[in-house]
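The following questions and answers guide a first-year student through one protein chain. Please examine the sequence and the structure before reading on.

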Amino acid sequence: MKIAEFQGSGIVEAPELPGIYAWYYRPQASGNNVPAILGHLIKTPFRVKTEIAMRYRVIWTAESEVDVLHGAERQPADQVVAKIVTDGGELIKSLLQNAMVPYFATPLYIGISRNLSRRVKEHYDALTQLWETDAQVSSYLEQHPDAAVEEGQDQCDLNHSFPLNARVKGIAPNELVVCVFPIEAPDNLRDLEQILQILADPICGRR
């Protein structure tokens with residue numbers, strides 16, 4: 001079997017077979033929010049946890065979020081990328097909208113399913129619902145456009161999910177590309193998923 005790629009409403013053509021899938025972000029030609037979305041992807045929260053073992057079995061711990069900086073000037077990495085995309089020419093736009101996925105992009109999410117068609121449709125439909133104007137998360141993001149995924153979870157009483165992660169980052173359903181790889185003997189699907197998650201570190205996966 002070969003890897004197949006589907007975007008937007010075309011995901012209905014995904015095969016009803018077991019296998020592994022990966023979601024990617026591909027901006028639309030008419031989109032003017034690409035710098036902001038790329039910024040959200042770059043700033044996906046990382047946390048540093050430090051433990052210091054003291055005497056008498058006492059342990060000091062500290063946990064904090066980290067800033068993603070770039071270069072000797074230590075500029076925020078999301079601002080660096082946003083400026084390049086905003087000021088870039090046709091080459092950058094063409095790469096982002098075409099060749100970037102999947103060859104030069106980090107996957108947003110990697111998963112497995114006994115029915116690829118059903119699973120990717122569940123993701124797509126859930127994200128579509130989260131984009132509806134009367135969705136609670138849409139109302140919250142209008143007031144808090146830079147909210148973190150954890151804020152959206154807590155404020156809207158939602159569980160962590162890939163669709164919620166993508167919604168908070170501003171990715172619309174038609175900007176999602178899914179690559180599916182059907183596997184005829186799916187006995188080791190879970191092991192394969194774990195290997196790929198460790199190697200690729202999907203941006204919108206659970207930390």
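Helices and strands are DSSP runs, helices of at least four residues and strands of at least two, numbered from the N terminus. The model discussed here is predicted.

Q: How many helices and strands does the secondary structure of the chain come to?
A: The C-alpha atoms of the chain fill a box of roughly 60 × 45 × 40 Å along the principal axes. Within the chain, the secondary structure amounts to eight helices and eight strands.

Q: In which loop is Val58 found?
A: Val58 belongs to a nonpolar surface patch together with Ile52, Tyr56 and Trp60, and the four have about 490 Å² of accessible area together. Val58 itself counts as partly exposed, because its relative accessibility of 40% is neither under 20% nor over 50%. Its place is the loop between strand E3 (47-53) and strand E4 (59-65).

Q: Which element supplies the largest share of the largest nonpolar core?
A: In soluble globular proteins, nonpolar side chains tend to be buried together. Here the largest nonpolar core has 38 residues, of which Trp23 and Leu108 touch the most other members. Elements that each supply at least two residues include helix H1 (34-42), helix H3 (90-103) and strand E2 (19-25). The largest share, six residues, comes from E2.

Q: Is Asp157 buried or exposed?
A: Asp157 forms a negative surface patch with Glu150, Glu151 and Asp154. Its place is in the loop between helix H6 (149-156) and helix H7 (162-168). The relative accessible area of Asp157 is 72%, and the cut-off is over 50%, so Asp157 is exposed.

Q: Is Pro182 buried or exposed?
A: Pro182 lies in strand E8. Its relative accessible area is 6%, and the cut-off for burial is under 20%, so Pro182 is buried.

Q: What is the omega of the cis peptide bond that joins Val101 and Pro102?
A: Most residues other than glycine have a negative phi, and most peptide bonds are trans. The bond joining Val101 and Pro102 is cis, and Pro102 is found in helix H3. The omega of this bond is about -5 degrees.

Q: What is the phi of Arg74?
A: Arg74 lies in the loop between strand E5 (69-70) and strand E6 (75-76). It is exposed, with a relative accessible area of 59%. Although Arg74 is not a glycine, its phi is positive, at about 55 degrees.

Q: Which residue forms a salt bridge with Asp87?
A: The count of salt bridges in the model comes to five. Asp87 and its partner both lie in helix H2 (residues 77-87), four residues apart, about one turn of the helix. The closest N and O atoms of the pair are 2.8 Å apart, and the partner is Lys83.

Q: Which residue of the salt bridge between Glu193 and Arg190 is buried, and which is exposed?
A: The side chains of Glu193 and Arg190 meet at 2.8 Å, N to O. Because they are three residues apart in helix H8, about one helical turn separates them. Arg190 has a relative accessibility of 55% and counts as exposed. With a relative accessible area of 8%, the buried residue is Glu193.

Terms used:
Residues are numbered from 1 along each chain as its sequence is written. This is a predicted model: local features need pLDDT of at least 70, side-chain atom pairs count only at pLDDT 80 or more; totals for chains, interfaces and linings use all residues. Side-chain values use heavy atoms; hydrogens and water are left out. Patches are made of residues with over 30% relative accessible area and no salt bridge: like charges are joined within 9 Å, nonpolar side chains (Val, Leu, Ile, Met, Phe, Trp, Tyr) within 5 Å. Accessible areas come from the Shrake-Rupley method with a 1.4 Å probe; for residues, only the protein chains shown count as cover. Lys and Arg count as positive and Asp and Glu as negative; His and the chain ends are not counted. The place of a charge is taken as NZ of Lys, CZ of Arg, CG of Asp or CD of Glu. Buried means under 20% relative accessible area, exposed over 50%, partly exposed in between (1.4 Å probe, protein chains only). A nonpolar core is a set of buried Ala, Val, Leu, Ile, Met, Phe, Trp, Tyr and Cys residues joined through side-chain atoms within 4.5 Å.
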